[in-house]
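These are my notebook entries on one protein chain. I looked up its overall form first, then a surface patch, and then a few single residues.

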Amino acid sequence: MLIDSAGNFEVDSEGDIILDAAGNNVTMKSAGSYPLDFIHSSTGNWTIKNTTQDKDIIFNVNDGGSDTEVMRIDGSTSLIGIGTTAPSNPLHILNTNVQLKIAYDGTNNLTFQCDGNGNQYIVSNNNSVIYI
């Protein structure tokens, strides 16, 4: 455990780092505000909760060295966006290729697509196409 001259707190461990809260709630804050809660219920479920009103929960990844947003839960509208920072439907998927794939296994699936001309179609794993 280390607190450096800038006030940064660092925990470096060869093993696991365990936070155990008897109250079932672990809260992280930035500069004393903007809390994010991890809540454990008596039934064993976990909740991730942004407690700041109308603020989003954003999931980012390192995509080939670039910090890339992959999903957003909009706190002011309760909408979910994948590939978009401004979801406008309950589940808004933005992609220039296949927008949604529903699969039974690695072989049997359907894809839902919309192309650059606004054409909408469903493609099955045997390449049968249904235009909508």
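**Entry 1: the chain as a whole**

I read the order of the elements from the N terminus and wrote it down as β-β-β-β-β-β-β-β-β-β-β-β-β. The radius of gyration is 21 Å, well over the 14 Å that the globule rule gives for 132 residues, so I recorded the chain as more spread out than a compact globule. I noted that the model is a predicted one. My count of elements gave 13 strands and 0 helices.

I then looked up the dimensions. Along the principal axes, the C-alpha atoms fill a box of roughly 60 × 35 × 30 Å.

What share of the 132 residues is buried? I found that buried residues make up 14% of them. For the accessible surface of the chain I noted about 10,300 Å², with 52% of it belonging to carbon and sulfur atoms.

I also looked up the contacts with a separation of 6 or more. Residues 24 or more positions apart account for 0% of these contacts.

**Entry 2: a nonpolar patch**

Which residues make the nonpolar surface patch of about 500 Å²? I listed Phe 59, Val 61, Val 70, Ile 73, Ile 80, Ile 82 and Leu 91. I then asked which strands supply at least two residues of the patch each. They include strand 6 (57–63), strand 7 (66–73) and strand 8 (80–82). I placed Leu 91 in strand 9, which covers residues 91–93.

I chose Ile 80 from the patch for a further look. Ile 80 is found in strand 8. Its relative accessible area is 31%, and a residue counts as buried only under 20% and as exposed only over 50%, so Ile 80 is partly exposed.

Leaving out residues up to four places away in sequence, I found that Ile 80 touches Met 71, Arg 72, Ile 73, Pro 87, Asn 89, Pro 90, Leu 91 and His 92. Two of these names, Ile 73 and Leu 91, also stand in my list for the patch. I also looked up the separation of Ile 80 and Ser 33, which are 47 residues apart along the chain: their C-alpha atoms are 24 Å from each other.

**Entry 3: Asn 95**

I located Asn 95 in the loop between strand 9 and strand 10 (100–103). Is Asn 95 buried, partly exposed or exposed? With 40% relative accessibility, Asn 95 counts as partly exposed.

I looked up the polar atoms of its side chain next. One polar atom of the Asn 95 side chain lies 3.1 Å from the backbone nitrogen of Asn 97. For the backbone oxygen of Val 98, I noted a distance of 3.4 Å to a polar atom of the Asn 95 side chain. Asn 95 and Gly 83 are 12 residues apart along the chain, and their C-alpha atoms are separated by 6.4 Å.

**Entry 4: positive phi values**

Most residues other than glycine have a negative phi. I therefore looked for exceptions to this general pattern.

Asn 24 has a positive phi, near 70 degrees. Asn 24 sits in the loop between strand 2 (9–10) and strand 3 (25–30), and its relative accessibility of 35% makes it partly exposed.

Asp 54, which is not a glycine either, has a positive phi of about 60 degrees. I found Asp 54 in the loop between strand 5 (46–50) and strand 6. Asp 54 is partly exposed, with a relative accessible area of 42%.

Note on methods. Residues numbered from 1 in each chain as written. Predicted model: local features only at pLDDT ≥ 70, side-chain atom pairs only at ≥ 80, totals over all residues. Heavy atoms only, no water. Patch = residues over 30% accessible without salt bridge, like charges linked within 9 Å, V, L, I, M, F, W, Y side chains within 5 Å. Areas by Shrake-Rupley, 256 points an atom, 1.4 Å probe, with all protein chains shown as cover. Salt bridge = Lys/Arg side-chain N within 4 Å of Asp/Glu carboxyl O. Helix = DSSP H or I, 4+ residues; strand = E, 2+ residues; numbered from the N terminus. Buried < 20%, exposed > 50% of the residue type's maximum accessible area, 1.4 Å probe, protein only. Polar contact = N/O pair within 3.5 Å; in protein donor to acceptor, adjacent residues only side chain to side chain. Contact = heavy atoms within 4.5 Å. Rg over C-alpha atoms; globule rule 2.2 N^0.38 Å.
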